[in-house]
Amino acid sequence: MAEGDAGSDQRQNEEIEAMAAIYGEEWCVIDDCAKIFCIRISDDIDDPKWTLCLQVMLPNEYPGTAPPIYQLNAPWLKGQERADLSNSLEEIYIQNIGESILYLWVEKIRDVLIQKSQMTEPGPDVKKKTEEEDVECEDDLVLACQPENQVKTLDFDVSENRTEIEELPPIDHGIPITDRRSTFQAHLAPVVCPKQVKMVLAKLYENKKIASATHNIYAYRIYCEDKQTFLQDCEDDGETAAGGRLLHLMEILNVRDVMVVVSRWYGGVLLGPDRFKHINNCARNILVEKNYTNSPEESSKALGKNKKCSSWSNGLSENPGVYTCS
């Protein structure tokens with residue numbers, strides 16, 4: 001396998017894992033080897049009126065030099081309406097050549113469905129979802145982050161005289177997720193400089209429960225207005241590749257000026273790939289809760305900014321004949 005192909009394959013796998021973490025049961029695998037997936041998108045999760053299935057096949061060259069091959073499945077989607085939606089997806093691709101775009105596509109389609117549901121025409125009958133997801137929450141893990149004796153040595157020093165540096169930002173804590181005795185919990189703080197990143201970590205490690213976690217994975221993204229670029233970094237803390245996957249999720253969600261730390265307390269049972277799903281779910285939940293996720297239009301503009309649109313042909317079109325979404 002060529003080096004470029006290996007890089008594309010890694011980026012595809014990271015995006016697939018992120019999409020599965022973001023959309024859960026709405027995202028399904030049709031053919032893992034052929035990289036064919038579909039996602040059911042609706043205008044409203046609790047009371048859907050309009051639903052559409054987006055099916056994608058990821059060529060080896062995606063996302064570097066080729067777009068996904070896609071199919072839009074909905075009995076009501078015809079004529080000009082189908083053409084307009086396809087044009088919108090193709091425009092997003094052109095604005096973001098070389099970038100991961102599945103999240104932008106899904107949320108663009110959801111926007112179209114929401115606009116359609118606000119029109120006077122009634123939607124087709126759609127079976128309402130009634131499943132309820134139970135999340136195990138341990139009260140002692142919902143942390144108030146009270147000052148305690150620091151029990152973990154950090155690789156940096158934080159000045160005690162905080163009047164001369166940026167203030168410690170507020171820190172929020174997400175609802176824990178427990179699976180096979182392993183517990184995951186996300187912590188979030190707004191940050192505008194690397195110094196604040198260090199201060200947040202130091203403050204979190206003052207809590208004995210967080211300091212005793214098996215892993216404290218983190219990632220941050222800071223937008224530099226003057227250079228119109230992002231300052232970002234991540235840390236695995238012993239959970240190989242977890243930091244990079246967390247940062248990739250934050251890139252897909254196009255969040256800025258925020259830091260997310262996910263603590264994992266290992267329970268003695270290996271979770272395999274599920275551990276990455278839980279890490280990303282924790283992170284996404286708290287980012288959504290604290291309103292850090294942008295609308296798809298804002299995301300598209302931000303990701304496409306300062307990019308040159310190169311010419312392209314074939315690949316970015318519907319393939320109407322091959323696979324269907326059940």
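**A cavity and its lining**

Modeller: Met19, Trp27, Phe37, Cys38, Ile39, Leu54, Val56, Leu102 and Val106 line the largest cavity. This is a predicted model, where local features need pLDDT of at least 70 and side-chain atom pairs 80 or more, while totals for chains, interfaces and linings use all residues. Residues are numbered from 1 along each chain, and side-chain values use heavy atoms, without hydrogens or water.

Colleague: What makes Met19 a lining residue of the largest cavity?

Modeller: Met19 is in the lining, which means it has an atom within 4 Å of a cavity point, on a 1 Å grid where a 1.4 Å probe fits but cannot get out. The whole structure has one cavity of 30 Å³ or more, and the largest holds about 30 Å³.

Colleague: How many of its lining residues are nonpolar, and how many charged?

Modeller: Nine are nonpolar and none are polar or charged. Trp27 and Cys38, for example, line the cavity, and Trp and Cys both count as nonpolar, so they fit the label.

Colleague: Which strand gives the largest share of that lining?

Modeller: Strand 2, with three residues. Strand 2 (36-42), strand 3 (51-57) and helix 3 (102-117) each supply at least two. The protein has eight helices and 10 strands (DSSP runs: H or I, at least four residues, for helices; E, at least two, for strands).

Colleague: How do you know which parts to trust less?

Modeller: pLDDT stays under 50 over residues 125-165 and also over 295-326. It is the predictor's confidence, from 0 to 100, so those stretches have low values on that scale. The protein averages 75, and 73% of its residues score at least 70.

Note on methods: Contact = heavy atoms within 4.5 Å. 1 Å grid on protein atoms, 1.4 Å probe; cavity = no way out; pocket = protein on both sides within 12 Å on 5 of 7 lines; lining within 4 Å. Points joined across faces, edges and corners; volume = space filled by probe spheres on them.
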